Amino acid sequence: MTETTPELACPIAPVVDIVFSRWTTPILWTLNEFGRQRFVELERRIATITPKVLTQRLRQLERDGLVVRTYHAEVPPRVEYEISELGRSLGPLFASLADWSPNLGRVEAAREAYDSRKR
């Protein structure tokens, strides 16, 4: 039996790890929908995220090249975030997922049917 790395077994796994971590999708979606935003604007639009987690995710997204951070040296300092061209290239993927979202009702029905079975 030949062992294979997870990346070879499922070549999209690294993409899923980058794009679909807990807070990445809402951040990218928000930046794509509303354009350049300050930290507090993002925090308001993604109401359930903590400032610490938002900071961590934004740093990771900047590191991954999906978000651009712009620092304006003024008083008080202003920092803005926007989705990068690389991040925008995920648009068709997000659109496909949005097109699939009406199936969520079927998923919920399947879960209820599964949960109601006697074991």
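Buried means under 20% relative accessible area, exposed means over 50%, and partly exposed lies in between (1.4 Å probe, protein chains only). By that yardstick, Glu80 counts as buried because its relative accessibility is 14%.

A word on the model before we go on. This is a predicted model, in which local features need pLDDT of at least 70 and side-chain atom pairs count only at pLDDT 80 or more, while totals for chains, interfaces and linings use all residues. Residues are numbered from 1 along each chain as its sequence is written, and side-chain values use heavy atoms, with hydrogens and water left out.

Glu80 takes part in salt bridges, each being a side-chain nitrogen of Lys or Arg within 4 Å of a carboxyl oxygen of Asp or Glu. The structure holds five of them, including these:

| Pair | Closest N to O distance |
|---|---|
| Arg36 and Glu80 | 3.9 Å |
| Arg78 and Glu80 | 3.0 Å |
| Arg111 and Glu108 | 3.9 Å |

Arg36 and Glu80 sit 44 residues apart, so the pair links distant parts of the chain. Arg36, Glu74, Arg78, Glu80 and Glu82 are linked in a network of salt bridges.

Now to helix H5 (residues 51-63); helices are DSSP runs (H or I, at least four residues), numbered from the N terminus. Its buried residues are Leu54, Arg57, Leu58 and Leu61. They cover an arc of only 100 degrees around the axis, taken from the directions to the C-beta atoms, which puts them on the same side of H5. The face turned away from that side carries the exposed residues Lys52, Arg59 and Arg63. After H5 comes Gly65, whose phi is positive, near 85 degrees.

Key:
Helices (H or I, at least four residues) and strands (E, at least two) are DSSP runs, numbered from the N terminus.
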